[in-house]
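Biologist: I have just opened this model and would like to learn how to read it. Could you walk me through it step by step?

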Amino acid sequence: MSWGTELWDQFDNLEKHTQWGIDILEKYIKFVKERTEIELSYAKQLRNLSKKYQPKKNSKEEEEYKYTACKAFLSTLNEMSDYAGQHEVISENMTSQITVDLARYVQELKQERKSNFHDGRKAQQHIETCWKQLESSKRRFERDCKEADRAQQYFEKMDADINVTKADVEKARQQAQIRHQMAEDSKADYSSILQKFNHEQHEYYHTHIPSIFRKIQEMEERRIVRMGQSMKTYAEVDRQVIPIIGKCLDEIVKAAEAIDQKNDSQLVVEAYKSGFEPPGDIEFEDYTQPMKRTVSNNSLSNSRGEGKPELKLAGKAKGKLWPFIKKNKGSTPEDFSNLPPEQRRKKLQQKVDDLNKEIHKEMDQRDAITKMKDVYLKNPQMGDPASLDHKLAEAAQNIEKLRFEAQKFEAWLAEVEGRLQARGEQARRQSGMYDGQPPPTGHTCAQDRESSPDGSYTEEQSQESQVKVLATDFDDEFDDEEPLPAIGTCKALYTFEGQNEGTISVAEGETLYVIEEDRGDGWTRIRRGEDEEGYVPTSYVEVCLDRNAKGAKTYI
């Protein structure tokens with residue numbers, strides 16, 4: 001099958017068809033180009049999405065990613081960034097291997113097509129010129145033949161006429177011969193041109209046109225093959241990134257399978273555990289006996305409506321029983337003493353670890369400067385060793401300062417850990433002391449503690465506010481009453497600054513008298529000397545009661 005033989009007379013249609021083929025190829029190039037733009041846009045959107053949900057550095061949000069579920073989400077974000085990168089690879093490969101390559105090929109194809117059809121038109125023009133020459137010689141031959149016939153007829157007429165002179169006859173004969181010779185010459189010329197035209201026509205339809213059309217056919221077939229190869233490349237570019245995309249998805253699945261709900265639950269415990277013990281049972285208060293001096297919120301709430309003084313106190317204390325008043329935000333103490341013991345221990349441990357890292361960093365920097373100084377000593381032309389002395393001194397000073405800080409925080413940490421252990425042993429001893437009786441509220445009252453949203457411990461102010469309300473109510477009615485007898489002693493576990501009315505400041509390790517137990521509100525009433533008394537948080541003291549002392553309550 002050859003276009004040169006099968007389509008020898010379809011020059012114009014072939015010209016239209018090959019132009020259509022180039023248009024199709026350009027349309028495919030445009031399609032691939034738009035696909036690359038979509039891939040780039042999609043990759044950009046994926047990267048922006050991943051970046052949008054990445055945790056901000058040095059923020060509370062970053063701390064949340066210690067949980068396995070959040071780690072899996074972070075892994076998903078990172079893998080999506082890699083996933084976006086593969087779409088960028090698709091765009092780059094399609095651009096370099098398809099659009100750029102095909103755009104260059106289209107230009108070459110247009111030039112080749114133009115050249116082939118130029119040769120075709122040139123051949124057409126040549127055969128048309130030969131045809132015109134043939135027609136011209138044919139018309140001339142025809143005209144000369146007619147002229148010769150007319151001259152011959154005229155000669156014969158003159159020769160038959162007896163009235164015509166012999167000279168006229170001779171002239172007519174010569175004219176007839178001339179015309180006849182001209183006809184013969186035209187005939188010979190026509191015959192020659194006809195033979196030449198037939199040769200040219202044969203060459204045109206059997207050599208030139210088949211050759212040109214064969215080139216056009218080969219050009220068109222190459223275009224078709226090239227377009228098919230580009231489509232294969234289009235698929236291969238996608239297929240090449242499938243394994244990497246699969247790995248990204250596998251990593252997401254792996255991260256999801258690594259989620260450990262038990263571990264996350266344990267992290268919640270570590271994050272928010274205060275280290276305190278739950279409160280003990282509320283003691284029984286016998287209202288059949290004469291009213292005793294007390295500041296128990298529980299008794300106040302239970303005695304509403306049973307007498308004028310109680311109504312007055314209940315009205316004042318309304319809404320402040322078991323208060324949860326948050327401390328105003330301010331500067332955090334350096335030793336984190338505003339936090340519950342367990343949270344304080346964690347913060348101190350973190351601070352110690354950070355300081356140790358800084359120490360190692362400074363030591364590495366000092367070692368590097370020392371090595372550089374040795375190099376300068378061996379090779380003075382490289383630098384002055386003395387110029388590094390101030391840097392070494394500065395590094396040594398920084399290390400000493402950091403070590404001092406680390407020792408300070410390590411001391412606080414050891415102190416907290418020792419207290420936590422001591423309190424645990426004390427709780428076990430008290431548990432055995434009462435032999436089945438509900439233990440006193442001890443050192444904690446969980447209901448009177450609250451952590452603010454930023455994790456700060458707010459027990460002190462809330463309890464002081466409570467005592468302030470109760471103390472002012474009772475002081476007016478019991479000012480003339482004799483001091484309460486001591487029912488035991490207590491040792492201050494922590495320093496407490498009693499800034500509110502009704503509270504008393506104590507120093508760590510100080511021993512004082514207990515004159516009223518914790519009534520379930522988280523406060524214990526103590527006395528220093530003969531006339532200085534007030535309330536301190538039960539969690540700040542270690543209480544040792546004299547069970548035979550007057551005023552000691554029995555728990556039921």
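Modeller: We will go from the overall picture to helices, then charged pairs, then strands. Please keep in mind that this is a predicted model.

Biologist: Let's begin with the overall picture. How many helices and strands are there in the protein?

Modeller: The protein has 11 helices and 5 strands. Its chain counts 556 residues, and 37% of them are buried. You can also look at contacts between residues at least 6 apart in sequence: 76% of these join residues at least 24 apart.

Biologist: Now the helices. What span should helix 5 have, at 1.5 Å a residue?

Modeller: The idea is to compare an expected span with the distance between the end C-alpha atoms. Helix 5 covers residues 166-257, so its 92 residues should span 136 Å at 1.5 Å a residue, and the end C-alpha atoms are 132 Å apart, which agrees. Helix 9 can be read in this way too: its 38 residues should span 56 Å, and its end C-alpha atoms lie 55 Å apart, again in agreement.

Biologist: Where is the kink in helix 5 centred?

Modeller: The kink is centred on tyrosine 204 and amounts to about 45°. Another residue to find in helix 5 is glutamine 174. With 42% relative accessibility, glutamine 174 counts as partly exposed. The C-alpha atom of glutamine 174 is 9.2 Å from that of alanine 151, although the two are 23 residues apart along the chain.

Biologist: And which residues of helix 9 are buried?

Modeller: Among them are Leu348, Val352, Leu355, Ile359 and Ile369, and the buried set also includes Glu342, Arg344 and Glu362.

Biologist: That brings me to charges. How should I think about charged side chains?

Modeller: When their charged atoms come close, side chains of opposite charge can pair. In this model the count comes to 24 salt bridges. One of them joins the side chains of arginine 121 and glutamate 15, with N and O 1.9 Å apart. Arginine 121 lies in helix 4 (residues 68-160) and glutamate 15 in helix 2 (residues 11-52), so this pair ties together parts that are 106 residues apart in sequence.

Biologist: Which residue forms a salt bridge with lysine 110?

Modeller: Lysine 110 pairs with glutamate 26, and their closest N and O atoms are 2.8 Å apart. Here lysine 110 sits in helix 4 and glutamate 26 in helix 2, so the pair links parts of the chain 84 residues apart. Both partners are partly exposed: lysine 110 has a relative accessible area of 33%, and glutamate 26 has 31% relative accessibility.

Biologist: Is there a case between other helices that I could look at?

Modeller: Try aspartate 389 and lysine 373, whose side chains meet in a salt bridge at 2.7 Å, N to O. Aspartate 389 is in helix 10 (residues 389-433) and lysine 373 in helix 9 (residues 341-378), 16 residues apart. Aspartate 389 is partly exposed at 34% relative accessibility, and lysine 373 is partly exposed at 23%.

Biologist: Now glutamate 200: how far away is the nearest side chain of opposite charge?

Modeller: That side chain belongs to lysine 196 and is 5.9 Å away. A salt bridge needs the nitrogen within 4 Å of the oxygen. Glutamate 200 is buried yet has no salt bridge. This residue lies in helix 5, and it touches His126, Ile127 and Cys130, leaving aside residues up to four places away in sequence.

Biologist: Let's finish with the strands. How many bridges join strand 1 to strand 2?

Modeller: Strand 1 (residues 488-492) and strand 2 (residues 511-516) run antiparallel and are joined by 4 bridges. You can follow the pairing through facing residues: glycine 488 stands opposite valine 514 in strand 2. Strand 2 also pairs with strand 3 (residues 523-528), in the antiparallel sense, over 3 bridges. There, glutamate 516 stands opposite arginine 525 in strand 3. These two residues also belong to a salt-bridge network with Glu283, Arg519, Arg527 and Glu533.

Biologist: And what joins strand 3 to strand 4?

Modeller: 6 bridges join them, and strand 4 (residues 532-537) runs antiparallel to strand 3. The bridge partner of tryptophan 523 is proline 537 in strand 4. This hairpin has 3 residues between its strands, and glycine 529 takes a positive phi near 70°. In the hairpin of strand 2 and strand 3, with 6 residues between the strands, glycine 520 has a positive phi near 100°.

How values were computed
Residues numbered from 1 in each chain as written. Predicted model: local features only at pLDDT ≥ 70, side-chain atom pairs only at ≥ 80, totals over all residues. Heavy atoms only, no water. Helix = DSSP H or I, 4+ residues; strand = E, 2+ residues; numbered from the N terminus. Expected span 1.5 Å × (residues − 1). Bend = angle between axes of the 7 residues up to and from the residue. Buried < 20%, exposed > 50% of the residue type's maximum accessible area, 1.4 Å probe, protein only. Lys, Arg positive; Asp, Glu negative; His and termini not counted. Contact = heavy atoms within 4.5 Å. Pairing = 2+ DSSP bridges.
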